[in-house]
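Please open the structure in your viewer and keep the side chains ready to display. The tour below moves through a few charged pairs, one selection at a time.

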Amino acid sequence: MNSNRKNKRPSNFKTYVEIDEFNQKPDDVPEELPYEVVEPFQYDGEIVIAQANNVLKFAPLKTNKQGVSGTLFITNFKVSFVTSIEVDKKEEELHHRSLQSEFLRVHDFCLSEVDLVYKITEGSSRKKRLYPNTPLSSRIGGLQIILKNFRVINFSFKFTPQGQDVRIAQALLHHAYPQRIDHLYLSNGKPVPHSGIPEFSVASDWEREIRRTGCPNWRVSKHNEFFNLSSSIVDEKSADIQLYNFCPSLPTALVVPRDLLDNQIESAAQHFQGSRPPVWCWGSPSGAALVRMAQISPSTSDKQQENKMMAQVHKCHPKKIGPTIYVLDDILPSLKEVQSAYIKLRELHTPDDPSQYREQDQRYYSTWDSSRWLTYVSCCLKIAQEAAAAMVHNNSSVILQEGEGRDMSAVVSSLVQLLLDPQARTLTGFHTLIQKEWVALSHPFALRLGHTRMGPEGLSAVWLLFLDCVHQISEQHPSALEFTSEYLVSLWHAAHCSLYATFMFNSVNDKFSSVAALQRENPQHRVFMRPVWAWWYEPGDGAYNGKTNSSNGHDSSSEMRVKVWQTFLNVLYVQGLMESLTVGGALQRVSDPMSSAYYIWNRIDAFLGGCTSSEIRRGLDAHTPFVPLKLDPSIKVETSLSRLRPWVGCFGYWLTEPELPLQESDFPALRRAKEREPLWEELMHIYSMLKQHIPEKISNGSLHHSPS
């Protein structure tokens, strides 16, 4: 099914209504509307679970309560609202400026995006929180759904046939909060384009990173390589195999001190929380290493193991300089504190009605301050900057120690590399950084983001805290990063889309287990887990969402994709690359593969050459050459609260002024994109002029196929 199917509409059918109150009947809409037969677009293996006709979807925060009538579906993947009314242009553009637009239409949202569900009482403004096991009455006036990207969706069942409303609510509550991650719809059966981003699940990826950084005295251990045997290889006949591993939350290969034997690593791991011994993340050619380490287990009888492991890190330094140790549990906010701040900001950005909006708007900045969110951002940036200075100025290794070493250490370690490593500031480098620090080293995304039906004690918006820290860096250094804050917002949104497997699991081991479980259930269909980085290499022609990404049937996917591409790429960074080719005879060296000018022109040509074609050039980063690390500590971050600003572009992405038509100026993402358009046009003009002076063998695109 590649399109919506509908029968002929009755002459008295109304799809667009305007009513004064949420459940007040408009004069021109009959009690039971004749409804059309429609079906949502579905992927392979996606099934409709519940359907409700004559549902009204309301634009949030509008006093005139503009409602669109349509049919509401719950599938095992998404909530889909199908209507024939034309989509609001601004709402559609906001939707398309997200990574989810590859798989969802404007009126759709993924079940894993659902955060809170409220029942709206008919004839009243009261609402009641619904949980998976909440008993439901025989009639539901409406639902308010708050998504994890701070979007509020309101539905009314005033004119829906009785029974359909309850079935919708039951299906939503059951499937939006699964007990296991593999109960989510994780694969649409489409092959995954190659992204060129290493997964750091095999030894060669870590070995390449050691070579790139030039950090001495560390080695790759494969002692954990059978951590996933029980989930993906072992069958019933060999289930009694003794698994040779020490930590299921670490990847099959990891970097450890050169002189530390594998059996010593296994023995030491038993004494640390989560069985996670010290692991190398990054380092410099002078020997300063960045190490993540769990806290010693309270139950261990050998407290000296902690000192022994730190001594091994000390020994790895070629000049035997002692490491700088940060016990993050003592100096950074706890997981509960981060989540508490997040909840306060979620409430601030998801008001129910215009009156609540106006009330909260009057104390907007004071609420930000009282939430302490920016205080926590400041703390993370401060520690990261101190750690970066210790590595650069003191040539000291840095040990980041916390709990199981899977949360705040990921934040600080990633920020240190962003401050010191120029490659981490590129799009490919940033993807690689996240894959290494967050995915391979197992930040528990499913637990922290609430992908499954668990208690609130494990929830914590650590991932969003990190993205906000990166946003603050980009605000203070507008041309330093190759990607924009809008891309960071889209990564936050994509973390809740189940078809992007990157942020769905607690560990690589959990991913193996889910793939194996899904493959057993569907042996005739291959399971493809799609990394979020694959977005940059998708066809861009709507192939993954029917014939078009637009709900109104307008095939503008290629044009929109170029706009999104330009929104995600930092035009000031690209401008800096271009300016670097205009000095010192750089243009004469672009044909020399050994010259940095060759690499710079390659990237510029991929960026701007792609913008002139109907789809983004897929070879953007697939052939990035091996570039040894050259430390660049030029980025200094002001960490005082007076220099940090609320990230309205993320928290207020869908929030607009009530009582006003949707304008570009209401939405930060659209406003900033509009501001960049003239600069993109200017760069395209300069690029066209430069291309005339580039040798033919360069300008015909051969650079994109140069060997790594």
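Is D421 buried or exposed? In this predicted model, D421 counts as buried, because its relative accessibility is 2% and the cut-off for buried is under 20%. Keep D421 selected and add R212, whose side chain meets that of D421 in a salt bridge with an N to O distance of 2.6 Å. The two residues tie together distant parts of the chain, since R212 lies in helix 3 (residues 203-213) while D421 sits in the loop between helix 12 (408-420) and helix 13 (427-440), 209 residues apart. R212 is buried as well, at a relative accessible area of 8%. Now extend the selection to E209 and K436, which are linked with R212 and D421 in a network of salt bridges.

Next, select R425 and D632, a salt bridge in which the closest N and O atoms are 2.9 Å apart. Here the loop between helix 12 and helix 13, which holds R425, is connected to the loop between helix 20 (596-611) and helix 21 (648-651), which holds D632, across 207 residues. R425 is buried at 5% relative accessibility, whereas D632 is partly exposed, with a relative accessible area of 25%.

Finally, select E482 and R603, whose closest N and O atoms are 2.7 Å apart in a salt bridge. E482 belongs to the loop between helix 15 (462-476) and helix 16 (485-494), and R603 to helix 20, 121 residues apart. E482 is buried at 0% relative accessibility, and R603 is buried at 5%.

For further selections, a search of the whole structure finds 21 salt bridges.

Terms used. Residues numbered from 1 in each chain as written. Predicted model: local features only at pLDDT ≥ 70, side-chain atom pairs only at ≥ 80, totals over all residues. Heavy atoms only, no water. Salt bridge = Lys/Arg side-chain N within 4 Å of Asp/Glu carboxyl O. Helix = DSSP H or I, 4+ residues; strand = E, 2+ residues; numbered from the N terminus. Buried < 20%, exposed > 50% of the residue type's maximum accessible area, 1.4 Å probe, protein only.
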